[in-house]
Amino acid sequence: MGWNSLGLTHDFMTRYVRPGDLCIDATAGKGRDTALLARLTGPTGRVIALDIQPQALEATRRLAEEAGVSPWVETRLLDHARIGEAAAPGSVGCIVFNLGWLPGGDHAVHTQRETTLRALNQSLDLLRPGGVLSLCIYYGKENGYGERDAVLSWLEGLDDRQYNVLVLTFPNRKNDPPIPVFLLKEG
């Protein structure tokens, strides 16, 4: 495991995702989270990858094919704010978000505070008891600090009898280091 946001996130998913799970990658990006989720769920599971950018979904499909997991990966051109349309309430084992912009993509296209908060609220309904949510907050530059602050405030407001939330920081890293967040829905 690398001591960076990607390594921590992948370690978290490896600990909680099981064969046969339904998982959602709410911001597919380059497809690395989708491919890992698909390896973890295996052919008895299913992974739905969402993104608003066709090139992100194409990269995700390509990576899933290369990894040999494409038969149980579904890609959808869908804003994460409409994640509630992707699955039935209480049916999802893991949901993954990477906030910010597509690596190597147009920085003018990035997640937004309002749509992210809608997506997170819907995600809580989608998670099954014992389900997990992994969220990596990339902030600064074009998308500023508003989304980061809104998400952290939203997390603080969650009922601690229903959700366990862990927020990690890298206090000695410069230049707006990502913030990994892990949520467990009590069961």
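In this predicted model, F12, Y16 and F182 come together as one aromatic cluster. A search of the whole structure finds three aromatic pairs. A pair of aromatic rings is described by the distance of the centres and the angle of the planes. For F12 and F182, the ring centres are 4.4 Å apart and the planes stand at 35°, so this pair is tilted. Because F12 belongs to helix α1 and F182 to strand β7, the pair ties together parts that are 170 residues apart in sequence. Both partners are buried: F12 has a relative accessible area of 12%, and F182 has one of 7%, where the limit for a buried residue is under 20%.

The residues of this cluster also border an open space. Rolling a probe the size of a water molecule over the atoms shows where empty space is left. The second largest pocket holds about 200 Å³ of space. Its lining comprises 13 residues, of which F12, Y16, L166, F182 and L183 are the closest to the centre. Two or more lining residues come from each of α1, β6 (163–167) and β7, and α1 gives the most, with five. By character, the lining divides into ten nonpolar residues, one polar residue and two charged residues.

From the pocket, the account turns to the interior. The largest nonpolar core contains 30 residues, and those touching the most other members are I24, I83, I95, F97, L133, L135 and I137. The elements that each give two or more residues to this core are β1 (22–25), β2 (46–51), β4 (92–99), α4 (113–126), β5 (127–137), α5 (146–156) and β7 (179–185). F97 illustrates how such a residue is surrounded. Leaving aside neighbours within four places in sequence, F97 is in contact with A26, T27, H80, I83, A119, L120, S123, L133, S134, L135 and C136. A second, separate core has 19 residues, including A38, A64, W72 and V132.

Helix α2 deserves separate attention. Eight of the ten residues in this helix, which spans residues 32–41, are buried, so α2 is largely enclosed by the rest of the structure. The buried residues are D33, T34, A35, L36, L37, A38, L40 and T41. What do the buried residues of α2 pack against? Their partners are the helices α1 (5–16) and α3 (54–66), together with the strands β1, β2, β3 (73–77) and β4. After α2 comes G42, which has a positive phi, near 70°.

How values were computed
Residues numbered from 1 in each chain as written. Predicted model: local features only at pLDDT ≥ 70, side-chain atom pairs only at ≥ 80, totals over all residues. Heavy atoms only, no water. Core = buried A, V, L, I, M, F, W, Y, C linked by side-chain atoms within 4.5 Å. Buried < 20%, exposed > 50% of the residue type's maximum accessible area, 1.4 Å probe, protein only. Helix = DSSP H or I, 4+ residues; strand = E, 2+ residues; numbered from the N terminus. Contact = heavy atoms within 4.5 Å. 1 Å grid on protein atoms, 1.4 Å probe; cavity = no way out; pocket = protein on both sides within 12 Å on 5 of 7 lines; lining within 4 Å. Points joined across faces, edges and corners; volume = space filled by probe spheres on them. Nonpolar A, V, L, I, M, F, W, Y, C, P; charged D, E, K, R; others polar. Phe/Tyr/Trp six-rings, centres within 6.5 Å; stacked < 30°, edge-to-face > 60°.
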